[in-house]
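Hi,

Here is the structure I said I would pass on. Have a look at it first, and my notes follow underneath.

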Amino acid sequence: MAMVGLARRELLLGLLAAAGVPAYAQQADAKPIRIVVPFAAGGGNDVFARQMAKGLGELRKSGVIVDNKPGAGGNLGTEQVVRSAPDGSTLLLGHTGTVSINPALYKGLKFDARKDLVPVAMFASSALVLVVPAASKVRSVADLVAEAKARPGMLDYASSGSGTGGHLSGELFAQRTGTKLNHIPYKGTNPALTDLAGGQVQMMFSVIPPALALVKGGRLRAIAVTGDKRLPTLPDVPTVAEAAASLRELAGFESTLTYGILAPRGTPDAFVKELAAQMLKVAGEKEFQSRLDVEGAVPLLGGPAEYAALIARESAMWAAIVKSSGAVVE
């Protein structure tokens, strides 16, 4: 019976191939796709993954589930995907931290996300917002730079932890402006923002949603965003680069977190291309993009080649910042 079943399966795959339908795609569709999010549920990574899973499942007419695997700054879940079979059933929700920063930040990693994963497609970019306490006399980037130069090493900036986008954005800002800032790492965004609102620290490069609530509540002042354009959620807040009119050293300043999907190295090219086309279709829909807007992100669409090129650029940039900051984790 087993041999008969095998023969029938091979015949079916042969007929599908003759009809122009990739046999691999038919096999992949038969099993659900698991998108591993290397962080806890509830954050932007998780929200984006669930929105993508919903749209992808509807498009493929098959199950797409989200599996949260937090730990070790995103390395636990990332390694799980690296070690998974390259059969199209396990994917990673990747972002700048896990893919481009962590390989330089963690010395003891037994894998390299840049080499052991293949980019499928990117779909979003999220700027950070530079915030100060509402009571601060700092009202612009120029004010902040002047204050930092007048009091070298006396301004504290908070982050959600060493090696995070907020920490390294502060390092980048200090390097570009020739100032010395004192980094204060916290165990998470919320406690950092709480101390900032209370005046215990003087500034922070924060992810948008939690900071936005405090800005609208009058407890924090947003003085700039780190993307190349102003955000729909903060239309009156300039970009850091806009300060270049008076501060040339900030010309072209940009520090963003990008999001996409990656697969284990060795996943067949045909499946990667097929999945990329489907993902970009989902990411181009209004429902998906409206969710990005709520999270303070904007669409950034690109297939495997575009995503690979972006990862290479981000990796080179952040590796240099990690090295100069001394933030390497043993």
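Let me start with a loop: Gly 218 sits between helix 10 (208–216) and strand 9 (220–225). Keep in mind throughout that this is a predicted model. Gly 218 has a relative accessible area of 47%, so it falls in the partly exposed class, under the 50% that exposed would need to exceed. Its C-alpha is 9.5 Å from that of Ala 197, and the two residues are 21 apart in sequence.

Two other loop residues are worth a click. Thr 164 is in the loop that runs between strand 6 (156–159) and helix 8 (165–177). At 21% relative accessibility Thr 164 is partly exposed, because buried means under 20%. Measuring nothing fancier than C-alpha to C-alpha, the model puts Thr 164 and Ser 125 16 Å apart, with their positions 39 residues apart in sequence.

Ser 84 belongs to the loop between helix 4 (75–82) and strand 3 (90–95). Here the relative accessibility is 15%, so Ser 84 counts as buried. A polar atom of the Ser 84 side chain lies 2.7 Å from the backbone oxygen of Gln 80. Beyond its neighbours within four places in sequence, Ser 84 is in contact with Arg 34, Thr 90 and Pro 264.

Now the sheet. It is open, has six strands in the order 2-1-3-10-4-11, and its pairing is mixed. Strand 2 (64–68) and strand 11 are the edges, each pairing on one side only. From one strand to the next the twist averages 25 degrees.

For the parallel part, look at strand 1 (residues 33–37) and strand 3, which are joined by three bridges. Ile 35 is the residue opposite Leu 91 of strand 3.

For the antiparallel part, go to strand 4 (residues 117–127). Strand 4 is antiparallel to strand 10 (residues 256–264), with nine bridges between them, and Pro 119 has Leu 262 of strand 10 as its bridge partner. Strand 4 also runs antiparallel to strand 11 (residues 297–302), this time through four bridges, and Ala 124 faces Pro 299 there. How many of the residues of strand 4 are buried? Eleven of its eleven.

Two helices go with the sheet. Helix 3 lies across strands 1, 2, 3, 4, 10 and 11, at about 160 degrees to strand 2. Helix 13 (residues 304–325) packs on the sheet too, touching strand 3, strand 4, strand 10 and strand 11, and its direction makes about 70 degrees with that of strand 4.

Last, the aromatics. The whole structure has five aromatic pairs. One of them is Phe 48 with Tyr 259: the ring centres are 4.9 Å apart and the planes stand at 80 degrees, so the pair is edge-to-face, for which over 60 is needed. This pair links distant parts of the chain, as Phe 48 is in helix 3 (residues 44–60) and Tyr 259 in strand 10, 211 residues apart. Are these two residues buried or exposed? Phe 48 is buried, with a relative accessible area of 2%, and Tyr 259 at 6% is buried as well. Ring pairs also bring Phe 123 and Phe 288 together with Phe 48 and Tyr 259 in a cluster.

Cheers

Conventions: Residues are numbered from 1 along each chain as its sequence is written. Side-chain values use heavy atoms; hydrogens and water are left out. Buried means under 20% relative accessible area, exposed over 50%, partly exposed in between (1.4 Å probe, protein chains only). Two strands pair if DSSP finds at least two bridges between them. Rings of Phe, Tyr and Trp (its six-membered ring) pair if their centres lie within 6.5 Å; planes under 30 degrees apart count as stacked, over 60 as edge-to-face and the rest as tilted. A polar contact is a pair of N or O atoms within 3.5 Å; within protein, one must be able to donate a hydrogen and the other to accept it, and residues adjacent in sequence count only if both atoms are side-chain atoms. Contact means heavy atoms within 4.5 Å. Axes are lines fitted to C-alpha atoms, for helices over the stretch in contact, and angles run from 0 to 180 degrees between N-to-C directions.
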